[in-house]
Amino acid sequence: MSAGLHPNMQEHFDAVVARNPGETEFHQAVYEVMHSLGPIAGKRPEYAQWSILKRVCEPERQIIFRVPWVTDSGEVEINRGFRVEFNSALGPYKGGLRFHPSVNLSIIKFLGFEQIFKNSLTGMPIGGGKGGSDFDPKGRSDGEIMRFCQSFMTELYRHIGEYTDVPAGDIGVGGRELGYLFGQYKRITNRYESGVLTGKGLSWGGSRVRTEATGYGTVFFTQEMLGTRGESFDGKRVVVSGSGNVALYAIEKVQQLGGTVIACSDSNGYLVDENGLDLGQLKDLKEVRRERLSAYSSDSAAHSTEGSIWDVKCDVALPCATQNELNEEHAKSLVSNGVQAVAEGANMPCTPGAVKVFQESSVLFGPGKASNAGGVATSALEMQQNASRDSWSFEDTEARLEQIMRDIHTRCVTTADEFGLEGNYVAGANLAGYMKVADAMVALGVI
C-alpha cells in the first residue's frame, strides 16, 4: 500500500502503521489522504513546525465501552461500544453511529478520519468523529433494540453534547434507533437538548431532507462533475449499489434529473431492470416490508446472485453500499463498458486499485469525502435549526444542500487546479479538506 507516497509522507505513514497495528481500514484511509498531500510538503512549513500531520492522525479521544442488555427471552448479551472523537479544530465532533457486526476500532477510526476532511469540505463549523457498536439489529425485536440503545446511551451520554460531540445515524441506525437513543439521553440528563443528535424525526427536532440528503448530495455532486464535460443525467443509464437509505434517495434524485437507474443491489444479489427500476416498489420492499430485492416483481426485471452489479453496462456508477465493495477488476469492467462518471455514495467503497483505474482512464471520479458529504452537511443544517428553535421547508433545505454540494465541487476543482492537478477530485478534496483543518490547528496552538 505504501508504494508511491511522497518521501515526506512515507515516514509519517510508517509511523501510523506501527502505532496502530492491525487496523487495516484505518491505514487505508490515512494512506489515501497522505498520497495527495505531497504537493504541500515544503510549501507550508508551519504544518511541519506544528506537527500537524502527526497530530491529525491521532484521535483526540478514543472511547471503548461495554454494552450489556437483555433479550426478550431474558438472556444477557454483551456488545462493545465505540466513540472516536478525532478532531475538533473546526467545531464539535460530528459523525454517525454504526450498528453492525463488522464494527471494530479500525473501522470506526477509518470512518472518523474520513469524517474530519469531509466535514471540513462542507464549509460548516463541525469537527470529525465516529462511533458505533458490533451489535446486529437484524432480526431483533423493537423491544430488544430499545433496550440495547438505552444501555448504549447510558455510557455514551457523558461524552456527547451539542457543543462537544453530535452523533447521527449510519448503517443500522435509523429513525427508530435515534429515537430510543435521544429518549434515553433526555431521561438521563433531564434536558431537551435537540442539538445533541441529528437525523431525528420531524416531530421532535429533525430536519427536512435529512433522510434524503446523502443520496441527493451524491447525485448533485455527480451532476456538477458531468457538467464540466457538458453532460448531465438526462438520458444516462445509471447503476446504484445498495438499496438502503443512501441508494434509494440517490435513485430518486437521478430519476428526477432525467436518468434511468437500471440496477441496484443488496447483500443477497443484485437486480437489473432495463426499463428502469420502480422506485415506489423498492421503497415498499426496503422501508416498509424490509424484504430482499429478490421479492421485486416486474416482467422486465431479473435478479442475480452471480457475477457483480459492476458488470452491468452503464454511463454512471454510484457505489452506495459499504467500504471496499468495488475493486480493481470491477473498475476495469465498468471502464470497458463505457462508464463516464463514478461517485462514492458510501464511505470508501472503491479500493485504491479501483480509483487508480478510473483516474488513468479519465473517468470522472468523486471521492466519498466530497460526493457523500450531503448527509453531514444537512446534519449541520439540522443543528442550525435546533439552535435557533426553527424548522425550514423541504424546498429551502434542499436548495441549501444543493448549493453546499456545488461549493464542495468548486472547492475540489479549484484546489486541484491550484496544485497543477486538474481534474483530480481525490487530490482536490484531500488538499482542500486538510489545509482548512491544518490552518485551524495552527491557530489553536498545541492542544
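R406 and E224 form a salt bridge in which the closest N and O atoms are 3.6 Å apart, a salt bridge being a side-chain nitrogen of Lys or Arg within 4 Å of a carboxyl oxygen of Asp or Glu. R406 lies in helix 15 (residues 394-418) and E224 in helix 8 (residues 213-227), so the pair ties together parts that are 182 residues apart in sequence; helices (H or I, at least four residues) and strands (E, at least two) are DSSP runs numbered from the N terminus. The model is a predicted one, in which local features need pLDDT of at least 70 and side-chain atom pairs count only at pLDDT 80 or more, while totals for chains, interfaces and linings use all residues. Residues are numbered from 1 along each chain as its sequence is written, and side-chain values use heavy atoms, with hydrogens and water left out.

**Salt bridges**

- By the rule given above, the count comes to 29 salt bridges; side chains of opposite charge can pair when their charged atoms come close.
- In the pair described at the start, R406 is partly exposed at 35% relative accessibility, and E224 is likewise partly exposed, with a relative accessible area of 24%; here buried means under 20% relative accessible area, exposed over 50%, and partly exposed in between (1.4 Å probe, protein chains only).
- R61 and E85 form a salt bridge with their closest N and O atoms 2.6 Å apart, and because R61 belongs to strand 1 and E85 to strand 2 (residues 76-87), this pair ties together parts that are 24 residues apart in sequence.
- Of these two partners, R61 is partly exposed at 41% relative accessibility, whereas E85 is buried, with a relative accessible area of 1%.
- A salt bridge also joins the side chains of E58 and R19, at 3.0 Å from N to O, and it links distant parts of the chain, with E58 in the loop between helix 4 (52-56) and strand 1 (61-70) and R19 in helix 1 (residues 7-19), 39 residues apart.
- E58 is partly exposed, with a relative accessible area of 28%, while R19 counts as exposed at 59% relative accessibility.
- A network of salt bridges links E32, E114 and K369.

**Buried polar and charged side chains**

- E325, which lies in the loop between strand 10 (316-319) and helix 11 (328-336), is buried yet has no salt bridge, the nearest side chain of opposite charge being R98 at 9.7 Å; for this purpose Lys and Arg count as positive and Asp and Glu as negative, with His and the chain ends not counted.
- The side chain of E325 does reach the backbone nitrogen of A321, at 2.8 Å.
- N372, in the loop between helix 13 and helix 14 (374-387), is buried with a relative accessible area of 4%.
- The side chain of N372 makes a polar contact with the side chain of K118 at 2.7 Å, where a polar contact is a pair of N or O atoms within 3.5 Å, of which, within protein, one must be able to donate a hydrogen and the other to accept it, and residues adjacent in sequence count only if both atoms are side-chain atoms.

**The second largest pocket**

- About 560 Å³ of space lies in the second largest pocket, a pocket being an open set of points on a 1 Å grid over the protein atoms alone, where a 1.4 Å probe fits, with protein on both sides within 12 Å along at least five of seven lines.
- This pocket is lined by 24 residues, of which H35, P352, V355, Q359 and V426 are the closest to its centre; lining residues have an atom within 4 Å of a point.
- Two or more lining residues come from each of helix 2 (24-34), helix 12 (352-360), helix 13 (368-371) and helix 16 (425-444), and helix 12 gives the most, with five residues.

**Loops and backbone**

- S51, in the loop between helix 3 (45-49) and helix 4, has a phi near 50°, a positive value in a residue other than glycine, and is partly exposed at a relative accessible area of 34%.
- R290, in the loop between helix 10 (279-288) and strand 9 (301-304), also has a positive phi, of about 55°, although it is not a glycine, and counts as exposed at 63% relative accessibility.
- Most residues other than glycine have a negative phi.

Note on methods: Grid points are joined across faces, edges and corners, and a volume is the space filled by probe spheres set on the points.
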